[in-house]
Amino acid sequence: MKRRKALKWTLIGVGGGVGAVVLGGAGTLGYFWNKSKLETVGEVDFDNPLAVPPLAESTEDASGARVFNLEIQSGSMAFKDGRETETWGVNGPFLGPTIRAKRGEEVAFAVHNGLDEGTSIHWHGMHLPSVMDGGPHQEVEPDGVWTPQWTMNQPAATLWYHPHPHGRTGKHVYRGLAGLFIVDDDESTSLNLPSDYGVDDVPMIVQDRKFDGDNQFDDKASFMSTQGILGDAIMVNGTLGPYFDVTTRLLRLRLLNGSVSRLYNFGFSDDRPFSLIATDGGLLPTAWETDRLQLSPGERAEIVVAFEPGETVVLRSNPADEGYEGPLGRFNGGDDRLDICEFRAADTLADTTEIPQAMGTAPDLADAEIAAERSFSLSGFNQINGESMDPMRIDFGVREGTVEVWEVENADGFMHNFHVHDVQYQVLTVDGREPPPRLRGWKDTVQLVPQAKYRLAMRFADYTDPNLPYMYHCHILAHEDSGMMGQFVVLGEDEEIGTVPVSAAAGSHGGH
């Protein structure tokens, strides 16, 4: 790690404000060092049944498209102590329903913004035209309606949706706007994996929150954090202290790190092994057995864990395996131990599912012809390659139908990760070596260990638009909102980079 002046630390908030505090003396630092580790193991009363987000309802229009109506709204929830907390949600007061659709289906949405400020819905991990992506150029004004429509065109995967307004994404996600988007296909539905939604196939949106004295969400940056908010209360699907009643021997958990900045290193209280069966972009060719799985904000994973009748075990987050240099991990949650959810197995468990020997398709870009290579260096709180996001600047264009390799590096000791819209990519190498097993499937978000170089191969296919860009950015939302983001367009054979429309408002773009 580069040398820094002793005891000088930078603080950032979810809105991107930057300041510095200077601590004087080893005793003061020692006090905050001891105080900065959060330990909730054995301290959580698991007395609330885990909420399972409902599946979003849909209708069929005259063209045969499945139409989903999504209402972005304000509300309130009594998370603890019976006292109401002001929230935002989709089709409800907090979070949103799980959208589920199948590859090959035409889907259409009517997204109504019932808030008193603009927001948007971005389909994180989805392969779709940029005009349907829901990025920062497609903000829905208050009382506006956005009507995107596209054909599902990717393998089965656990994706998610969340707002993406420029400079305010962290605030909007923290207030409660997020939900899962599950893609199915013929291959995945033919497997004998656990697949009964809410029974043996369970969504788990893991998020942290801080509450102030009035039981409202506290979105101020955590003291000495370089990532913004680090909450001391962990919720799953909006439930604090959740438990889940297990009725089957095998349980499939669809894990989403839906936090704005916190890292989770998932494992079970008895260190039992579990099987990683899917990463961001879908099922792995074969399962990988492990007892730890680290996910940074925005990453997803599907795991299968086995239970014995009558037992109880806790899913928890352990100290980070990697991702920080020096004391930065301590002040950014890297040393925290957090109890997340208790699983209670019934005395009799159904046993009808399995983990197949063969599941998904392995990434296939290692031997592809490479059209271009690009380098990206993330540094500080708001820069990629020395520049901050400019909504009117298109950083580069890529050609439709080509494969590129992007070499991405975290150039400082802070925690960063890297998300690319529209594509799933293959992690070719990490610092010249084969990536660890957890990174060998299709990914759209990857944590960047400081100073390591990640070579990512991605194919740009199907959709072109010289004017309306896709994003690439750090998914630590305080960093994204501060400007750690860039833009690219996908070009047809004879197209050249165009100009971002001055008014790329969501309401002006195509629907049905």
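A salt bridge here is a side-chain nitrogen of Lys or Arg within 4 Å of a carboxyl oxygen of Asp or Glu. R292 and D271 meet that description, with N and O 2.9 Å apart. Please keep in mind that this is a predicted model. The structure holds 34 salt bridges, and this briefing visits some of them after a walk through the strands, including an open sheet of five strands.

**The five-stranded open sheet**

- Its strands follow the order β28-β35-β34-β30-β32, and the pairing is mixed.
- β28 (396-399) and β32 (445-448) are the edge strands, each pairing on one side only.
- On average, neighbouring strands of this sheet are turned by 30 degrees against each other, direction ignored.
- Starting from the β32 edge, strand β30 (residues 416-420) is joined to β32 by four bridges, and the two run antiparallel. If you would like a residue pair to look for, H419 of β30 stands opposite T445 in β32.
- β30 also meets β34, again antiparallel, through two bridges. Here V420 has Y472 of β34 as its bridge partner.
- Moving on, β34 is joined to strand β35 (residues 485-491) by five bridges, and this pair runs antiparallel too. H473 finds its bridge partner in M485 of β35.
- How enclosed is strand β34 by the rest of the structure? Seven of the nine residues of β34 (residues 465-473) are buried, so the strand is largely enclosed. Buried means under 20% relative accessible area.

**Pairings of β33**

- Strand β33 (residues 453-459) pairs with strand β29 (residues 403-410) in the antiparallel sense over seven bridges. Among the contacts between them, E407 has R455 of β33 as its bridge partner.
- β33 is also joined to strand β31 (residues 426-430), by four bridges and in antiparallel fashion. In this case Q426 is matched with A457 of β33.

**Salt bridges between distant parts of the chain**

- E105 forms a salt bridge with R66, the closest N and O atoms being 3.1 Å apart. The two residues are 39 residues apart and link distant parts of the chain: E105 sits in the loop between β7 (99-102) and β8 (106-113), while R66 belongs to strand β5 (residues 66-80). E105 has 25% relative accessibility and therefore counts as partly exposed.
- D351 pairs with R249 in a salt bridge whose closest N and O atoms are 2.9 Å apart. This pair spans 102 residues, from R249 in the loop between β17 (242-248) and β18 (250-257) to D351 in the loop between β25 (338-350) and β26 (370-379). Both partners are partly exposed, D351 with a relative accessible area of 49% and R249 with 31%.

**R292, D271 and a salt-bridge network**

- Back to the opening pair: the side chains of R292 and D271 meet in a salt bridge. R292 lies in the loop between β21 (282-290) and β22 (293-295) and D271 in the loop between β19 (264-268) and β20 (274-279), so their contact ties together parts that are 21 residues apart in sequence.
- Are these two residues buried or partly exposed? R292 is partly exposed, with a relative accessible area of 23%, and D271 is partly exposed as well, at 40%.
- Salt bridges that share partners also join D280, E299, R300, K443 and D444 into one network.

Conventions:
Residues numbered from 1 in each chain as written. Predicted model: local features only at pLDDT ≥ 70, side-chain atom pairs only at ≥ 80, totals over all residues. Heavy atoms only, no water. Pairing = 2+ DSSP bridges. Axes fitted to C-alpha atoms, helices over the stretch in contact; angles between N-to-C directions. Buried < 20%, exposed > 50% of the residue type's maximum accessible area, 1.4 Å probe, protein only.
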